[in-house]
Amino acid sequence: MKQFAVKTQLVKLSLFSLCLALASVNAVQANTALPDIGGNAFSTLTPDKEKQLGDVMMRQTKSQLPMVYDPLLDEYLNSMGNQMVAKAQDVKFPFRFYWVNDKNINAFATLGGNIASHTGTLAVSDSESEFASVIAHEISHVTQRHIARSVEARSQNGPLTLAGILGSILLATVNPEAGMAGIMASQGLAQQSAINFTRSNEQEADRIGIQLLADAGYNPYAVPEFFNKLAEKSRFANTQLAFLYTHPLSQSRVADSRLRAEQYPKRFVADSQDYALAKARVMARYHYKTKDAQSYFLRKLEEPGGNTKANQYGLALAYFDDKQVGKADQIITKLRQQEPDNLYYIDAYTDILLAQGKAEQAMTMLEQQYLLKPNNQVVTLNYANAAIQGKAYRLAVHLLRNLLYYKDDLFPAYEMLADTYKAMEDFARYYEARADVYYQMAIYPKAIDDLNEALNHLEPNNSLENRRIEAKKKQWQTELNRLKRL
């Protein structure tokens, strides 16, 4: 399944549109009266309040940054991230991991255990342990409550709003220099104290992160290796790397990470196949243009030891995206002969079959996989997509609704469900599904407006559905009111 095309108008964060993005953040806050967290009520940010605010912030971030809604990459990142969370101390709430489509090396954490990585971070990594080291570092920021404590400290120095924090996060991911300046300006802190606070947090996150990395079975020596790589890249760059603006890197920090890593025995840690395939997917779909991706993988395949399944898979994606479906089919068919249940290959083969107009064949293949993995988002979203292409709309609705019962924050599933209901001309459910899309972005007024539209399209005698949607609208209004009172 190719990257899901988000139909809601995401903001492309260039220098010009960045202003529009931040204006939109403030507009959303004005429309929904999201909580002002600068008062005495937030001098102590409890885990419950942190989780509520973090969820709202992450849902707003989804509407402002170029998020990647790719079920394969989502499964990989959340599986790897939660493997480390399981080894962490002081975990106060569930963690959720996201991707941002950005070639710069960076990652960030928000309140409430929400962590996002740029696709460029995976692309530049030379091992799974290197990539995991970045995620472990962000997990440590959350478990040590660096973000929550920072919010508490800043709330005592002047007014602090959710829009101000979110705006600084968005700025820091695309224009780090402006982002850091925005953080300092909007939060009214002296520059030196902010730098000292950051350095202290970074040192603690390094210490906890290296331990977490080792406990989860990754190579702790990957931390100084990754730091050395960042230092080398920044040495020849015209501007400082995005990661280094939000994660200042000094010589002492590199030396400290090396000393901490040396407390663990050296051992070889092999990369997982999922890491190799996920990285190939990022290189093909998000890092290179289609023709450049073909050249990259053809070159990799010719290198000694480069004829790997991951490079073959990446080349197949590049061929498919270039509409060379036959070439992609040849590669994926051979790979599936070796591993018929590999979800990366099943996903690619589904796209190939649908491009060839073979929706029925795709549905037959995916039905077998669905019986084995009924709640897996990769299988279910592909199966639903094939059902939509084959005009089996009721099957698609059944698959998507069941998936959302278990994973109620899957943005692509809501959009696919809305498309399906529209194709069925079931406009009451279409508007309800579209309301769920807006709710996922914390745009409460539009979500509630669409629920009203759904009510308008219901048959007058359908009292059960009327009461259900009215109850949903009341729940969202109550949630908004609760946020106002925080």
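Two strands pair if DSSP finds at least two bridges between them. The exercises below apply this to a predicted model.

**Exercise 1.** Find how strand β3 pairs with strand β1 and with strand β2, in the parallel or the antiparallel sense.

*Solution.*
1. Strand β1, residues 96–100, and β3 share 5 bridges and run in the parallel sense. Within this pairing, Tyr-98 has Ala-116 of β3 as its bridge partner.
2. Strand β2, residues 107–110, is joined to β3 by 4 bridges in the antiparallel sense. Here Ala-107 is bridged to Ser-117 of β3.
3. Between β2 and β3 lie 3 residues, and the two strands form a hairpin. Gly-112, in the turn, has a positive phi of about 80°.

**Exercise 2.** Decide whether the faces of β3 are covered or open.

*Solution.*
1. Buried means under 20% relative accessible area.
2. On one side, Asn-114, Ala-116 and His-118 are buried. On the other, Ile-115 and Ser-117 are buried too. Both faces are therefore covered.
3. Since 5 of the 5 residues of β3 (114–118) are buried, the strand is largely enclosed by the rest of the structure.

**Exercise 3.** Describe helix α17, its surroundings and its two ends.

*Solution.*
1. Helix α17 covers residues 343–355 and reaches 18 Å from its first C-alpha to its last, close to the 18 Å expected.
2. Of its 13 residues, 12 are buried, among them Tyr-344, Asp-347 and Leu-354.
3. The elements covering these buried residues include α3, α13 and α18.
4. At the start of α17, a side-chain oxygen of Asn-342 comes within 2.9 Å of the backbone nitrogen of Tyr-344.
5. After α17 comes Gly-357, with a positive phi near 75°.

Conventions. Residues are numbered from 1 along each chain as its sequence is written. This is a predicted model: local features need pLDDT of at least 70, side-chain atom pairs count only at pLDDT 80 or more; totals for chains, interfaces and linings use all residues. Side-chain values use heavy atoms; hydrogens and water are left out. Buried means under 20% relative accessible area, exposed over 50%, partly exposed in between (1.4 Å probe, protein chains only). The expected span of a helix is 1.5 Å times one less than its number of residues. Contact means heavy atoms within 4.5 Å. A polar contact is a pair of N or O atoms within 3.5 Å; within protein, one must be able to donate a hydrogen and the other to accept it, and residues adjacent in sequence count only if both atoms are side-chain atoms.
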